[in-house]
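I opened a fresh notebook page for this chain. The plan is to go from the overall layout down to single residues.

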Amino acid sequence: MLPRIIFCVAVVLATLTVVLLALISPAARRNHSSKSPSMALSLYIQQPQIASSDMQSSVAQISGAGAFVFHHTLTEGPEKTSRSVGKAQGFIVPIEQFAHSAFNIIYLTFDTPHYSGSLSVQANDVAHKENEELTVVGGTGSFAFARGHAIFSNTQRQTYHVNLRLKFPNRSHSIPG
């Protein structure tokens, strides 16, 4: 009979401990309505400087349509001499059958003292307008799990101006390590 009493007391104490820990935990008192952190960046994508004798076409032919493959430089300002902050790389197939393809992604890679990582921008439904609003679908490093919008504007200097509006999930729920 004594072992049963000891067992029941141990189960009751363990249950009581779990309930008390759940009630006094800092996570239970946290305000769940807090807004997600956000960030805004303004960058420029520069066309590469290639001599005409070394120029290779960045358009590959796929079933009679073009696939745009590019590797450009990200800079802080619109001038070619502006400080480089990373790279813009991508592969876009601008035909109807590939309009919602996972291949149509622009990767913005950052390597600066403040930011290290990359962003993935989905390039679906590109209409070749003066301003294209694309969707940021994820990121790595400083931009882990980023979501938001990227507005690409064509400038007069063969440069694209990119305005990024990013939101991040509440990182207080992340697993440490």
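I counted a contact wherever heavy atoms lie within 4.5 Å. On that basis I checked the reach of the contacts in the protein: among those between residues at least 6 apart in sequence, 46% join residues at least 24 apart. I note here that the model is predicted.

**Entry: layout.** I listed the secondary structure and found two helices and nine strands. Read along the sequence, the order is α-α-β-β-β-β-β-β-β-β-β. The protein has 177 residues, and 31% of them count as buried. I then computed the accessible surface, which is about 12,200 Å². Carbon and sulfur atoms hold 59% of that surface.

**Entry: nonpolar patch.** I looked for nonpolar side chains on the surface. One patch covers about 1,200 Å². Its members include Met1, Leu2, Ile5, Val19 and Ile24. I picked Val19 for a closer look. Val19 sits in helix 1, residues 2-24. Its relative accessibility is 42%, so Val19 counts as partly exposed.

**Entry: core.** I turned to the largest nonpolar core, which has 25 residues. Which of them touch the most other members? I found Ile106, Leu108, Leu119, Phe143 and Leu164. Next I asked which elements give two or more residues to this core. They are strand 1 (38-46), strand 3 (65-75), strand 4 (84-92), strand 5, strand 6 (116-122), strand 7, strand 8 and strand 9 (159-167). Strand 1 supplies the largest share, four residues.

I pulled the contacts of Ile106, leaving out residues up to four places away in sequence. Among them are Phe70, Ile92, Leu119, Leu134 and Phe152. Gln89, Gly90 and Ser120 are also in the list.

**Entry: Val136.** I went to strand 7, residues 131-141, which holds Val136. Is Val136 buried or exposed? Its relative accessible area is 1%, and the cut-off for buried is under 20%, so Val136 is buried. I then checked its contacts, again skipping residues up to four places away. Val136 touches Leu119, Ser120 and Val121. It also touches Ala146, Arg147, Gly148, His149 and Ala150. Leu164 and Leu166 complete the list. For Ser120 I took the C-alpha distance to Val136: 5.8 Å, across 16 residues of sequence.

**Entry: aromatic rings.** I searched for ring pairs and got two. Phe110 and Phe143 form one that is tilted, with 4.7 Å between centres and 40° between planes. This pair links distant parts of the chain, 33 residues apart. Phe110 lies in strand 5 (residues 105-111), and Phe143 lies in the loop between strand 7 and strand 8 (147-154). I checked burial for both partners. Phe110 is buried at a relative accessible area of 4%. Phe143 is buried at 0%. Ring pairs link Phe110, Tyr115 and Phe143 into a cluster.

**Entry: salt bridge.** How many salt bridges does a search of the whole structure find? I got one. Arg83 pairs with Glu76, and their closest N and O atoms are 2.7 Å apart. I looked up the accessibility of each partner. Arg83 is at 42% and counts as partly exposed. Glu76 is at 41% and also counts as partly exposed.

Notes. Residues are numbered from 1 along each chain as its sequence is written. This is a predicted model: local features need pLDDT of at least 70, side-chain atom pairs count only at pLDDT 80 or more; totals for chains, interfaces and linings use all residues. Side-chain values use heavy atoms; hydrogens and water are left out. Buried means under 20% relative accessible area, exposed over 50%, partly exposed in between (1.4 Å probe, protein chains only). Rings of Phe, Tyr and Trp (its six-membered ring) pair if their centres lie within 6.5 Å; planes under 30 degrees apart count as stacked, over 60 as edge-to-face and the rest as tilted. Accessible areas come from the Shrake-Rupley method with a 1.4 Å probe; for residues, only the protein chains shown count as cover. Patches are made of residues with over 30% relative accessible area and no salt bridge: like charges are joined within 9 Å, nonpolar side chains (Val, Leu, Ile, Met, Phe, Trp, Tyr) within 5 Å. A salt bridge is a side-chain nitrogen of Lys or Arg within 4 Å of a carboxyl oxygen of Asp or Glu. A nonpolar core is a set of buried Ala, Val, Leu, Ile, Met, Phe, Trp, Tyr and Cys residues joined through side-chain atoms within 4.5 Å.
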